[in-house]
Amino acid sequence: MADRIEWLRDDNECDFAIRYLEKWVNNAERRCIDKASNQLRRTTASRRKAETWIHALKESGYDKILTRLQGNVRQHRLPKTGKARRFNLTEEACKALDHLVHTHGKSPSETISSLLTNAPEALAEARQKWMAEHKDQIERWTYDHLALKERLKRTEHEMDELHKQLRLHIRALMMWKASMDSDTPPFDGEPEQLDDQVEKELKSIQQKVKKQARVLSSIPD
């Protein structure tokens, strides 16, 4: 039985070694591991398969691929903490950071870490302080906002009433125009046709009012 490969610590690393070799071996190295695989069963454990391939490559003198494999196994083993990130600060931020570094006697990275760690609490405290200092103003804003919403609601209601009244007047005018020949003009036309005429006239009046409002708003004071 071949010697145990001590630098493969567990089955996870053995699986990684198999995947690495399957992906990165050249043609000659692949023929070597394929020949070694003929001695194995399909159900062979991943450790035995990885060790068989490694021993075969070593005996055939393919040391470079094994060196790369061992380095990649070590890298795969390391906790993925990630590389230190770099970022640029504005000139004002750099000056503020320098001041904090000299004040507290910490390195720039330690100072930034401390700031970021304490940022949520500091922001919450700053928000509470700002709201306490501007309590009266916030209450006025809230009151003004609610008052404005109420005025808008009343205005919309008044506009609806005006539209209803205007529609009634237009309807009466259309009925009168349709029966001009009698002293007390009765209307004997189609109600649906009258309603269409009323809506057309109402839309025409609304468009004229909007156009006139735009003209007046464009005139300087």
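## Exercises on a predicted helical model

W130 lies in helix α6, which spans residues 108-133. The model used throughout these exercises is predicted.

**Exercise 1.** Determine which residues make the nonpolar surface patch to which W130 belongs, and classify the exposure of W130.

*Solution.* Begin with the patch, which covers about 320 Å² and is made by W130, M131 and W141. Then take the relative accessibility of W130, which is 40%, so that this residue counts as partly exposed, given that the class lies between the cut-offs of 20% and 50%.

**Exercise 2.** Describe the largest nonpolar core, identify the elements that give two or more residues to it, and follow the contacts of L69.

*Solution.* The largest nonpolar core has 22 residues, and those with the most contacts inside it are L8, L21, W53, L57, I65 and L69. The elements that give two or more residues to this core are α1 (11-24), α2 (27-37), α3 (46-59) and α4 (63-77), and of these α1 gives the most, with six residues. For L69, leave out residues up to four places away in sequence; the residues it touches are then W7, A17, Y20, L21 and I54.

**Exercise 3.** Characterise the surroundings of S46, and decide whether S46 is buried or exposed.

*Solution.* S46 lies in helix α3, and its relative accessibility is 18%, so S46 counts as buried, the cut-off being under 20%. Not counting residues up to four places away in sequence, S46 touches D11, C14, D15 and I18. With one of these, D15, the side chain of S46 makes a polar contact through the side chain of D15, at 3.3 Å.

**Exercise 4.** Work through the three salt bridges of the structure, giving for each pair its position along the chain and the exposure of its residues.

*Solution.* Side chains of opposite charge can pair when their charged atoms come close.

1. E13 forms a salt bridge with R77, with 2.7 Å between the closest N and O atoms. This pair links distant parts of the chain, E13 being in helix α1 and R77 in helix α4, 64 residues apart. E13 is buried at a relative accessible area of 4%, whereas R77 is partly exposed at 27%.
2. E51 and R47 meet in a salt bridge at 2.9 Å, N to O, and both lie in helix α3, four residues apart, about one turn of the helix. E51 counts as buried at 9% relative accessibility, and R47 is buried with a relative accessible area of 12%.
3. K95 forms a salt bridge with E91, the closest N and O atoms lying 3.6 Å apart; both residues are in helix α5 (residues 91-104), four residues apart. K95 counts as exposed at 54% relative accessibility, and E91 is exposed with a relative accessible area of 55%.

Conventions:
Residues numbered from 1 in each chain as written. Predicted model: local features only at pLDDT ≥ 70, side-chain atom pairs only at ≥ 80, totals over all residues. Heavy atoms only, no water. Core = buried A, V, L, I, M, F, W, Y, C linked by side-chain atoms within 4.5 Å. Buried < 20%, exposed > 50% of the residue type's maximum accessible area, 1.4 Å probe, protein only. Contact = heavy atoms within 4.5 Å. Patch = residues over 30% accessible without salt bridge, like charges linked within 9 Å, V, L, I, M, F, W, Y side chains within 5 Å. Areas by Shrake-Rupley, 256 points an atom, 1.4 Å probe, with all protein chains shown as cover. Salt bridge = Lys/Arg side-chain N within 4 Å of Asp/Glu carboxyl O. Polar contact = N/O pair within 3.5 Å; in protein donor to acceptor, adjacent residues only side chain to side chain.
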